[in-house]
Amino acid sequence: RSNPVCRGGAEVMRIAALLIAIQLFCIGSLSAKPNVLIFLVDDLGWTDLGYTGSKYYESPNIDALSRESIVFTNAYSNGPNCAPTRACLMSGQYSPRHGIYTVGDPVRGNHKFRRWTPVENATVLDDKVVTLAETFSNAGYSTVHLGKWHLGKDPTTQGFDLNYAGFTGGSPSKGGYHSPYAYPNVVEEKEGRYLTDHLTDLAVKYIEERSAEEPFFMYMSHYAVHTPIQAKASVQRRFDSKKPSGSHKSPKYAAMIASMDESLGRIISALEDVGKLEETIIVFASDNGGYGGITGQEPLRGSKGMLYEGGIRVPMLVRLPNGKNKGIESTPVMSMDLYPTLTSYCDIDTEELMLDGIDLSPRFANGESLPTERAVYWHFPCYLQRYPGLKIDSPFRCVPSSAIRKGDWKLIHSYETGAIELYNLAADIGETTDLSKQKQEIAESLYGELEAWRKRVNAGVPVVKNPRYDPNAKFSK
């Protein structure tokens with residue numbers, strides 16, 4: 001005969017085992033690492049969105065995201081153009097560490113106007129750099145790259161399991177945004193397929209197929225809204241008769257923004273459909289300021305390719321699961337900060353890595369305030385020529401220069417002439433009044449900090465004079 005005590009003991013054991021299993025499941029669920037989506041737009045200006053003030057461009061999905069996000073009002077790209085910012089984002093380092101200062105050739109513009117020979121520029125991110133993608137991959141994440149890479153031939157050599165359309169090029173290849181086109185793993189022979197839509201289809205498919213698997217790290221790096229300025233005709237028609245607002249007036253560019261915004265909306269919807277939205281960190285940002293030949297950034301001065309605010313201040317949003325700790329954050333942050341921040345938030349160890357970015361995750365995790373007096377730096381020892389449509393009194397958008405921002409103050413130092421400019425951004429966000437003569441103590445202090453930083457990171461500066469420079473050459477617009 002069976003023993004009732006034994007039967008009762010077995011039942012207790014089964015219940016205990018079930019409770020332990022439930023507890024372990026709950027602990028595992030609570031400690032599960034979140035997915036990460038970085039949605040990076042190319043050449044999107046600080047004022048080119050509805051939530052940042054545009055009355056002409058339309059971005060309803062991004063605007064909705066901003067209401068559920070930490071909105072960084074003083075976010076900066078690490079460089080005034082594409083490649084350096086992307087290299088800094090992937091490395092977590094300032095440009096002098098990896099040597100990618102600009103896009104392609106640092107020798108730009110008419111040789112008669114260049115006083116110096118610029119510093120040599122790398123165009124490929126060194127394999128020795130442990131990228132953000134590699135770190136997430138090593139932590140058990142599946143990793144996917146979609147769109148623009150611009151740091152070498154193939155992002156799968158730098159930590160990505162899959163690559164769609166990433167290669168050496170920095171803008172859409174032959175055919176532009178409309179097919180036929182051929183990128184790695186993205187081929188469309190039929191005419192008329194819009195590249196932004198195609199990349200979004202791939203992102204949505206990836207999310208749907210990976211919904212039950214390991215956490216993922218997605219780098220949705222659109223070619224949009226980079227030149228050539230090409231739009232879907234059906235979207236452009238919405239803006240053809242719309243009243244311009246200041247320098248926001250191009251129907252084609254507006255349509256490109258609208259398609260990019262739709263892309264974000266579709267990806268967020270896909271995350272929601274598979275039950276992953278509240279398990280995903282979403283980062284939205286631009287890689288540099290807007291293209292000055294097509295859009296303006298007033299009240300900011302300058303545009304893409306300049307160290308003035310219009311070239312480096314960018315929109316940036318971070319949506320945490322369940323919209324946690326949303327609100328305005330005014331601390332200056334940079335693209336490179338995403339590396340230590342995302343890895344820290346996802347509990348991934350980076351202690352052995354050389355990272356210049358700072359960890360913003362205390363703000364993410366519990367709403368802690370960040371240090372507003374943090375100093376941030378830029379180093380651009382290269383030339384960028386003036387392009388058509390840009391109203392400046394110089395043959396160059398940028399000459400070899402460095403800059404520092406600390407608190408409300410920003411200093412720019414030109415290696416071309418040795419000139420120093422000082423601006424108080426709190427009182428003069430448009431950088432209209434150079435205060436270097438009136439505030440000499442502040443200028444000297446910031447310059448000293450800039451020079452000390454330059455030595456710490458071994459930033460090269462031009463030291464060889466250009467033998468073809470002509471001091472008598474006259475520039476005409």
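These notes cover a sheet, a helix and two nonpolar cores in a predicted model.

1. The sheet. Strands β14, β17, β18 and β19 lie in that order in an open sheet, with antiparallel pairing. The edges are taken by β14 (375–380) and β19 (420–424); each has a single partner strand, so one side of each is left without a neighbour in the sheet. From one strand to the next, the twist averages 10°.

2. The β14 edge. The partner of β14 here is β17 (residues 401–406), and the two pair in the antiparallel sense over six bridges. As a point of reference for the register, V376 stands opposite R405 in β17.

3. Helix α7. In this helix (residues 233–240), the buried residues are V235, Q236 and F239. Viewed down the axis of α7, these buried residues fall within an arc of 100°, so they line one face of the helix. The cover over the buried residues of α7 includes α8 (251–273).

4. The largest nonpolar core. This core has 52 residues, of which L44, M218 and F284 touch the most other members. Helix α8 gives the most to this core, with twelve residues. Helix α8 therefore appears twice in these notes: as part of what covers the buried residues of α7, and as the main contributor to this core.

5. Contacts of M218. Leaving aside residues up to four places away in sequence, M218 touches V36, L37, I38, V144, L146, A203, Y206 and I207.

6. A second core. Apart from the largest core lies another, of 38 residues; L40, F136, W149 and I281 are among them.

Note on methods:
Residues numbered from 1 in each chain as written. Predicted model: local features only at pLDDT ≥ 70, side-chain atom pairs only at ≥ 80, totals over all residues. Heavy atoms only, no water. Pairing = 2+ DSSP bridges. Helix = DSSP H or I, 4+ residues; strand = E, 2+ residues; numbered from the N terminus. Axes fitted to C-alpha atoms, helices over the stretch in contact; angles between N-to-C directions. Buried < 20%, exposed > 50% of the residue type's maximum accessible area, 1.4 Å probe, protein only. Arc of directions from axis to C-beta. Contact = heavy atoms within 4.5 Å. Core = buried A, V, L, I, M, F, W, Y, C linked by side-chain atoms within 4.5 Å.
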